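Visitor: Please bring up the model, and we can go through it by question and answer.

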Amino acid sequence: MKCLPSSKLPLAHGNILHDWHAEIVAIRAFNRYLVEECADLAASGLRSSAFLRHREEAEITRAEHQPFTFKESVQIHMYSSEAPCGDASMELVMDAQDDATPWPVPPPSSQDLEHPPTGLRGRANFSLLGHVRFKPSRTDAPPTLSKSCTDKLALAQTTSLLSSVTSLLVSPRNAYLSTLVLPASHHVPSAITRAFGPSGRMAGITPEMTSRWETGGSGYRFQPFEVRPVNQEFAYSRRSVEPSQTPVPSNISAVYTPKFQETLIGGVLQGRKQYDPRGASRICRKSTWKAVADLAAVLAVPALLGIGRALQYQDAKNLDLLDWRSAVKADVKGQDGPLKGWPENKGDDCFRLE
Ligand SMILES: [Zn+2]
């Protein structure tokens with residue numbers, strides 16, 4: 001199922017990825033790469049690299065406080081060999097069924113009754129379209145509260161691709177995805193428009209919301225990406241095997257950036273037990289937070305000095321500096337927002353940096 005069941009979150013301590021679907025691994029690796037790129041820039045004394053630049057003193061404001069930004073000439077593109085799970089692929093899920101009867105929904109557990117989940121579970125009720133969904137899994141698998149890749153990508157059209165801690169260093173202004181490229185065989189235009197487009201469910205973003213986000217020039221806005229089909233199939237796609245062959249899914253995730261590479265299984269480094277802290281990947285929340293805190297100490301930007309001393313991860317995510325980002329998320333996921341029904345994946349916010 002490639003994500004951590006909600007019951008296991010308290011055991012993760014920031015060391016295990018909650019979700020290792022390919023899109024999420026790619027975005028986490030991208031974020032960690034950016035932190036490394038900032039660290040290299042700080043160490044070199046150069047003002048800019050191929051992708052990032054220092055922001056000038058005169059550019060820094062309370063709303064846009066980050067010491068780094070993407071160069072204005074840079075665009076970010078993402079390729080995925082399958083449609084993202086969740087709302088953008090519901091028609092494909094329906095088409096793939098021999099029997100179009102929706103999967104049965106198991107009766108709620110006692111834990112569900114105590115904290116009722118509001119999103120739709122995986123592929124349950126797959127004829128309901130335009131809804132926030134959890135990661136798909138077998139109905140007999142333990143429940144997860146990780147949101148689908150479609151929902152996380154839709155949210156990134158408002159928060160940018162930056163994670164909370166990366167957005168302390170890098171301005172969101174030029175950090176939005178320009179295009180998402182999908183194989184034509186997995187590109188259902190009506191589903192893409194519904195899931196991501198400004199005329200689909202994201203039409204719920206009101207002018208009042210966007211004017212609030214843009215207050216003070218924070219760099220946050222609604223920046224829809226373009227979804228483009230490509231006819232070429234990925235060489236290892238399940239559609240690329242010979243009829244005589246049977247494709248077998250792999251449990252391995254390969255992480256590649258120009259600055260580091262890793263092989264992950266179960267959200268941790270290959271060869272480590274899942275709950276062994278030595279299995280922590282460079283792209284897990286704790287590693288990325290530590291890298292940001294270490295760099296903040298080197299940069300000696302007064303506003304950032306507290307982030308490593310913040311007692312717990314949840315405090316680092318609730319810094320005043322993240323108020324603009326928090327406001328965007330609250331609007332988009334709130335009762336009147338386009339992604340309402342987005343439950344938080346709570347239970348792994350209390351870890352600290354050693
Ligand atoms: Zn996914």
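**Zinc site and helix 4**

Visitor: What spacing do the donors of the zinc ion follow along the chain?
Guide: This is a predicted model, in which local features need pLDDT of at least 70, side-chain atom pairs count only at pLDDT 80 or more, and totals for chains, interfaces and linings use all residues. Residues are numbered from 1 along each chain as its sequence is written, and side-chain values use heavy atoms, with hydrogens and water left out. Donors are N, O and S atoms within 2.8 Å of the metal (3.2 Å for Na, K and Ca); water is not among the atoms, so sites may look incomplete. The spacing is H-x63-C-x63-C.

Visitor: Which residues coordinate the zinc ion?
Guide: The coordination distances run from 2.0 to 2.3 Å. The ligands are His 21 (ND1), Cys 85 (SG) and Cys 149 (SG).

Visitor: Is Cys 149 buried or exposed?
Guide: Buried means under 20% relative accessible area, exposed over 50%, partly exposed in between (1.4 Å probe, protein chains only). Because its relative accessibility is 1%, Cys 149 is buried.

Visitor: How many residues of helix 4 are buried?
Guide: Helices (H or I, at least four residues) and strands (E, at least two) are DSSP runs, numbered from the N terminus. Helix 4 is largely enclosed by the rest of the structure, because its buried residues number 10 of the 11.

Visitor: Which residue follows helix 4?
Guide: The residue after helix 4 has a positive phi, near 80°. That residue is Ser 160.
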